[in-house]
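Please look over the sequence and the structure shown here, and then read the notes that follow, which are grouped by topic.

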Amino acid sequence: MRATDPLNVQKTDVDYAQMSFPNNKPIKFREVAPMQLRDRVSLKRLRDTERACLAEMMTLFTCLAKKDFETSGCPKEIAALNTCYKDIRDESMAKKQRALQQAPVSSIRELTSHQANALLKKFPLRHLMKKVR
Amino acid sequence: MAAVRSVLRGLQKISSPRLLAGGVCVPSRNAIYNPRYIEPLGTDRDQLKEVLSSPDAEELQFRPVKAAISDASNSIFYDPLLLKFINILMRKGDKSHATKLVHKAFYSVKLMKDGNGLNPLDTFTLAIRNATPVLETVKLKRGGIFYQVPVALSAERARFIAMNWIIEAVGEREKPTRFHDQLARELVDASNNVGRVIKRKQEAHKEAEANKAYAHYRYA
């Protein structure tokens with residue numbers, strides 16, 4: 001607190017006794033929301049996390065720089081990059097399609113938020129917790 | 001030949017295990033077909049016979065068929081690549097005009113001395129292949145700063161860029177030159193791996209190479 005602070009506050013606003021002796025009493029805990037996990041998760045966007053085809057791209061750059069940016073000089077590298085990119089796209093498409101299914105399939109390892117919600121709805125946490133207790 | 005190729009492409013799609021397994025609908029622009037739909041077969045009798053004698057024939061008889069492309073034909077002049085080019089060239093829906101321009105350009109190609117003496121359609125195909133880029137840079141905002149990030153291209157996108165570059169190069173011509181003459185010039189140049197379009201492709205690749213340090217931002 002600055003020494004001039006009391007000059008800036010109105011007399012009615014402040015309790016000077018409070019200011020000189022701040023309230024050190026422990027705050028009493030109050031349970032605002034029930035102390036348990038909810039049966040839903042917030043919705044998240046499906047993200048592509050892989051850093052795709054970077055190695056192929058770098059090899060292509062090296063080749064292009066060597067061949068003076070003549071694409072005819074590096075057919076192998078270009079084909080490698082294209083197939084890699086195509087595979088990644090197909091895969092992410094399949095992933096999106098899998099994510100479209102609301103009910104999770106047992107074989108899926110990564111759940112989308114929708115699928116997690118579907119699972120949680122089927123098997124609410126409070127029943128699980130009861131069993132644990 | 002092109003018709004045969006399209007039929008074969010259709011057959012490849014039919015015989016792909018994913019489709020036969022009855023996967024999920026894959027939406028493409030403006031059209032969603034159930035995966036049970038097969039590509040329309042051509043009217044080539046030999047091809048049809050071949051299809052009907054194949055082991056999938058019985059299954060195929062009961063498959064619904066996608067609507068055929070209105071331009072598709074079994075003519076020997078049918079070329080999907082050329083049709084795509086005409087469609088990209090087309091302005092205000094005037095397809096006959098676009099077609100005329102391309103045909104005039106092909107006529108000019110035939111008359112050109114450095115035209116390799118090829119069939120103009122071959123010159124065109126070669127030009128597109130030479131002009132097709134492998135990478136492009138896209139502007140991405142990461143951490144408040146815009147970066148030019150090199151990305152790989154899908155085949156369709158790469159094809160579009162090549163065709164658009166050719167059309168844009170023609171658009172930059174000097175005043176008295178006619179569109180079809182300049183189009184012929186650009187096509188021949190590109191087929192010889194020289195000229196403005198090829199230069200533009202190389203510049204695009206150089207820009208991608210200069211920004212290769214940011215390549216991982218695509219997925220960051």
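Chain B has a mean pLDDT (the predictor's confidence in each residue, from 0 to 100) of 84, and 84% of its residues reach 70 or more. This is a predicted model, in which local features need pLDDT of at least 70 and side-chain atom pairs count only at pLDDT 80 or more, while totals for chains, interfaces and linings use all residues. Residues are numbered from 1 along each chain as its sequence is written, chains are lettered from A in the order in which they are written, and side-chain values use heavy atoms, without hydrogens and water.

**Confidence in chain B**
- Among the elements of chain B, helix α2 (residues 17–20) has the lowest mean pLDDT, 41, and α8(B) has the highest, 95; helices here are DSSP runs of H or I with at least four residues, and strands are runs of E with at least two, numbered from the N terminus.
- Over residues 11–23 of chain B the pLDDT is below 50, and beyond near neighbours in sequence this stretch has 18 contacts in the model, a contact being heavy atoms within 4.5 Å.

**Helix α8 of chain B**
- The buried residues of α8(B) (buried means under 20% relative accessible area, with a 1.4 Å probe and protein chains only) include W165(B), I166(B) and I167(B).
- These buried residues pack against α5, α7, β1, α9 and α10 of chain B.

**The hairpin of chain B**
- Strands β1(B) and β2(B) pair in the antiparallel sense over 8 bridges, where pairing requires at least two bridges found by DSSP.
- E136(B) stands opposite V151(B) in β2(B), and G143(B), in the hairpin, takes a positive phi near 65 degrees.

How values were computed. Buried means under 20% relative accessible area, exposed over 50%, partly exposed in between (1.4 Å probe, protein chains only).
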